[in-house]
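Hi everyone, thanks for making time. Today I'd like to walk you through a structure and a few of its odd spots. Here it is on the screen.

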Amino acid sequence: MHLWTDLSQVPAGFGPSVVTIGNFDGVHRGHAEVLGRIVDLARQDAARSVAVTFHPHPAQVHRPGQAPELLTGLVDRAELLEATGLDAVLVQEYTLDFARQTPEEFVARYLAGPLGATTVVVGRDVRFGRDNSGDLRTMVELGRHYGFDVVTVDDVGAADHAEEGSTPGRDRWSSTYVRELLQAGRVQDAADVLGRSHRVRGTVVHGDARGRELGFPTANLGDVVGMVPADGVYAGWLSRPDLAHAAPDHADIRLPAAISVGTNPTFDGVERRVEAYVLDRDDLDLYDEEVVVELVEHLRPTVRFDGIEPLVEQMHEDVARARAILSGGPS
């Protein structure tokens, strides 16, 4: 997949293409299904499939105090978009200058220009251009002028896949709903909407070494990218993308883990942290390495223990449950 971060990187004569536009935060099942349709449509037309997305999120530019917490960082968003089968993704830097374009300027410069769009796929509620003044009717009119067709897609949600056991309670899969689930620690339900376990990434930094003293050495994630779920203990996986790149067959690329999110109240901690203990391993040196943590199942909330002994006893129980869950056994 081509990944462009500037329109100038699109090669001359790239089109024809089938293009869609969106933020695609989290690239959940609804996104993936719509993008899959775009890939199929492009193949039918002997065209390229392209998604135009934005960074930072427009709300972070227009309403920074009210912007939603993003589910994924740009690296994960690009990886997840690539997994849908797209031929190319254009990540457009979103600025106030970019937002001042008229609808026609945006269409001419981006869709009808270097991308060579012959088909543009949008939702019925599409808004674009200065002050969101462009809508579906505008896009259709501009399509007639610039020579591309406009195809509308409806939202895809749980109601469309009831037989697949999707999360009950919402008709529509959305990034907002995933955020609500993660805020409640409901990572399994979030996975139903995402189509995979939610993940965060960060570089392993030195912590208090308290976990090692207790017999559970943890990888402490610094500068975490991706939405951190509610405080608690989770079963999950720790993955090592750099190792996967350097040694694709290495046994330690993806490792089972018990993950703690919170402030360590037993030790009067105040800093909220994400820590991962790789099950039954005390030989790993992960410092300064970027790792990805996938959260599979919530085990328990964060609580304050009256001393070290009850904490260690609970940690042994947490590890046993995580091991059973991740090995497919009863929890």
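I'll start with the empty space inside, then turn to some unusual backbone spots.

Keep in mind that what you're looking at is a predicted model. So how do we look for empty space at all? Rolling a probe the size of a water molecule over the atoms shows where empty space is left. Here, the structure has one cavity of 30 Å³ or more. The largest cavity holds about 50 Å³ of space. Which residues line the largest cavity? They're Asn23, Asp25, Phe54, Pro56, His57, Leu70 and Arg77. By type, that lining splits into three nonpolar, two polar and two charged residues.

Hang on to Pro56, one of those lining residues. Pro56 is joined to His55 by a cis peptide bond, with omega at about 0°. You'll find Pro56 in the loop between strand E3 (48-55) and helix H2 (58-62). There's also a cis bond between Gly15 and Pro16, where omega is about 5°. Pro16 is in a loop too, between strand E1 (2-4) and strand E2 (17-21).

Why point these out? Most residues other than glycine have a negative phi, and most peptide bonds are trans.

That brings me to phi. Asn132, not a glycine, has a positive phi near 55°. Asn132 is in the loop between strand E5 (117-123) and helix H6 (136-146), and counts as partly exposed because its relative accessibility is 44%. Asp288 also has a positive phi, about 70°. Its loop runs between strand E11 (273-278) and strand E12 (290-300). Is Asp288 buried or exposed? Exposed, with a relative accessible area of 67%.

Notes: Residues numbered from 1 in each chain as written. Predicted model: local features only at pLDDT ≥ 70, side-chain atom pairs only at ≥ 80, totals over all residues. Heavy atoms only, no water. 1 Å grid on protein atoms, 1.4 Å probe; cavity = no way out; pocket = protein on both sides within 12 Å on 5 of 7 lines; lining within 4 Å. Points joined across faces, edges and corners; volume = space filled by probe spheres on them. Nonpolar A, V, L, I, M, F, W, Y, C, P; charged D, E, K, R; others polar. Helix = DSSP H or I, 4+ residues; strand = E, 2+ residues; numbered from the N terminus. Buried < 20%, exposed > 50% of the residue type's maximum accessible area, 1.4 Å probe, protein only.
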